[in-house]
Amino acid sequence: MNKVALVLVVAALSLPAVGCGEGSSPGAAGASVAPAATQVFVSVDTSFDSSEWEASRSLLGKFPDGDRAVDWVLGELGGKGVDFEEDVKPALGPETDFVALDVAGDGKVVGLTQPEDTAKLEALLGKSDEPLVSREIDGWVAFSDTEANLDEFERLRADGTLEDDGEYQKVSGEVADDGIAHVFVAGSALGSTPLAGLFGADAPSLALSLDPQEDGIHIEGAASPASGDLFADEFSAELPDQVPAGAFLYAGASDLERQLGTLRDFLAEVAPGIERDIGRAESQIGVSLDEDVFPLFSAESALYLRPGFPIPEATIVTQVDDEQGALAVIDKLANEVSEYYGTAELHSVDIEGVQAKELAVNQFFSVYYAAFDGKLVITTSRQGIADLQAEGDRLADDEAFKDATEAAGMPSETTGFLFADLDQALPTVFGLMGFSGQSTPDWLERNLEPLQSLVLYGERDGDVAKLVGLLSIQ
């Protein structure tokens, strides 16, 4: 795979270096040539004059060192004896695809393109450390590291092409068809890996699209069939209206009990030794993950981070029906921690009228937990409990949260979502690095400043699960 990746690497390195014009992406036309048995299909817009490339150039211009990056890229290409204008542009067609026939071992990968100048492509392929072989197939130039791969490519095509494959059509039709890059992973590829146990009987096929636009990079993904317990159902989030404003990271979900159980079963299958250790710990503590801990997350739950000193506040909130039962489970876990760490102490505290427990691990770090208003709260700060109980601004009304989720088009019902206020989160990370004695390079800080937010959310339509997101760049 490393050998045939030369053209893809050149195309990727060229992203900030190309000139921009008018046009549109031709889409994954190579799917009409790739075999239906393809395990992984990657399609890249290499027209270099489409609106997607123009948007990419515009986004790069928002970074202070964008021009310097262009110079570096051109220098890298020159170091390989490759000139972008003379060697790359005429060698690649409007679309360049990479077809993995087999992802096991070293892989069997075939590249596809329709070059403006076939001789230029041959010359570019010849610059690989180990020259590649090529042949024309159905109006495309196919290239790989061995003739055997090209022979197998043609043999498999006799059984049909990817364009007519039902799995490919279903998931690829769920993602944007005008992105700068598309990826398809067949269910057979996942089914042949240890990850197959996560999905039950039917490993899903996956599709992903990356689409640069004026406001940032839009992400769309799809999986089908989404029939296992790993895939969640849609719900309407209530916790953003209850947790305090100011969170720079928030991850919300519902019915994690099913998904945690699936992960536990998967771990037992692939790592039985670890599963036995967990079982012994459960017996010693008197707490079962399946019967006691996982059910605490059967309704809506969230993990969020807010500014704090010297470290940010980390809080877990989950809706529970039995507050006392939930506290009893956490009490057992906290008692075990206090016995394990000789310096740890567990005692009751009053936080703004809320009866809570403090697990003081040492003089610098404590964990607080309480249950009230149908919620179990576990946090690293007293303020995490106080602000949940007090009147005040809520996350749902936070301008950064509203702006980011609206820009990403997040609906009222999702299967779960992630929000990151990068404008606030990145300085926090830099501050933590400084607190630990590590300095952050000036060039890194200034070039991360344009990153404003990241939103990812899931949707569900029958047996199709979708992932939609926006990395906002200002």
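Helices here are DSSP runs of H or I with at least four residues, numbered from the N terminus. By that rule Glu-291 sits in helix α11, residues 289–293. The model is predicted, and the tour starts at this helix before moving to the whole chain.

**Stop 1: Glu-291**

Select Glu-291 in α11. Its relative accessible area is 65%, and anything over 50% counts as exposed, so Glu-291 is an exposed residue. Now add Asp-321 to the selection. Asp-321 is 30 residues from Glu-291 along the chain, and the C-alpha atoms of the two are separated by 15 Å.

**Stop 2: the whole chain**

Zoom out and show the chain as a cartoon. Its secondary structure comes to 16 helices and 20 strands. Along the principal axes, the C-alpha atoms fill a box of roughly 80 × 50 × 40 Å. Of the 474 residues, 46% are buried.

Turn on the surface. The accessible area of the chain comes to about 22300 Å², and carbon and sulfur atoms hold 51% of that. Among contacts in the chain with a separation of 6 or more, 67% are between residues 24 or more positions apart.

Colour the side chains by charge. There are 27 positive and 87 negative side chains. The centres of these two sets lie 4 Å apart.

**Stop 3: strand β5 and its partners**

Select residues 140–144, which form strand β5. Is this strand enclosed or open to the outside? All 5 of its 5 residues are buried, so β5 is largely enclosed by the rest of the structure. Show the side chains: Trp-140, Ala-142 and Ser-144 point one way, while Val-141 and Phe-143 point the other way. Residues on both sides of the strand are buried.

Next add strand β3, residues 108–113, which pairs with β5 in the antiparallel sense over 3 bridges. To find the register, look at Leu-112, which stands opposite Ala-142 of β5.

Then add strand β4, residues 133–137. This strand also pairs with β5 in the antiparallel sense, here over 5 bridges. Ile-137 stands opposite Trp-140 of β5. Follow the backbone through the hairpin of β4 and β5, where 2 residues lie between the strands. One residue to inspect there is Asp-138, which takes a positive phi near 55 degrees.

**Stop 4: from β4 to helix α6**

Stay with β4 and select Arg-135. The side chain of Arg-135 meets that of Asp-151 in a salt bridge, at 3.0 Å from N to O. The pair links distant parts of the chain: Arg-135 belongs to strand β4 and Asp-151 to helix α6 (residues 147–157), 16 residues apart. Asp-151 has 42% relative accessibility and counts as partly exposed. The structure holds 21 salt bridges, and the next two stops show others.

**Stop 5: Asp-233 and Arg-258**

Select Asp-233 and Arg-258, whose side chains meet in a salt bridge at 3.9 Å, N to O. Asp-233 lies in the loop between β8 (216–224) and β9 (235–236), and Arg-258 lies in helix α9 (residues 256–270), so the pair ties together parts that are 25 residues apart in sequence. Both ends count as partly exposed: Asp-233 has a relative accessible area of 48%, and Arg-258 has 25% relative accessibility.

Extend the selection to Asp-229, Asp-255 and Arg-460. Together with Asp-233 and Arg-258, these residues are linked in a network of salt bridges.

**Stop 6: Arg-264 and Glu-275**

Move along α9 to Arg-264. Its side chain meets that of Glu-275 in a salt bridge, at 2.8 Å from N to O. Arg-264 lies in helix α9 and Glu-275 in helix α10 (residues 272–285), so this pair ties together parts 11 residues apart in sequence. Are these two residues buried or exposed? Both Arg-264 and Glu-275 are buried.

**Stop 7: His-182**

Finish at His-182, in strand β6 (residues 181–185). At 14% relative accessibility, His-182 counts as buried. What surrounds His-182, leaving aside its neighbours within four places in sequence? Its contacts are Phe-41, Val-42, Ser-43, Val-175, Ala-176, Asp-177, Leu-208 and Ser-209.

For a last distance, select Leu-346 as well. Leu-346 is 164 residues from His-182 along the chain, and their C-alpha atoms are separated by 52 Å.

Methods
Residues numbered from 1 in each chain as written. Predicted model: local features only at pLDDT ≥ 70, side-chain atom pairs only at ≥ 80, totals over all residues. Heavy atoms only, no water. Buried < 20%, exposed > 50% of the residue type's maximum accessible area, 1.4 Å probe, protein only. Contact = heavy atoms within 4.5 Å. Areas by Shrake-Rupley, 256 points an atom, 1.4 Å probe, with all protein chains shown as cover. Lys, Arg positive; Asp, Glu negative; His and termini not counted. Charge placed at Lys NZ, Arg CZ, Asp CG, Glu CD. Pairing = 2+ DSSP bridges. Salt bridge = Lys/Arg side-chain N within 4 Å of Asp/Glu carboxyl O.
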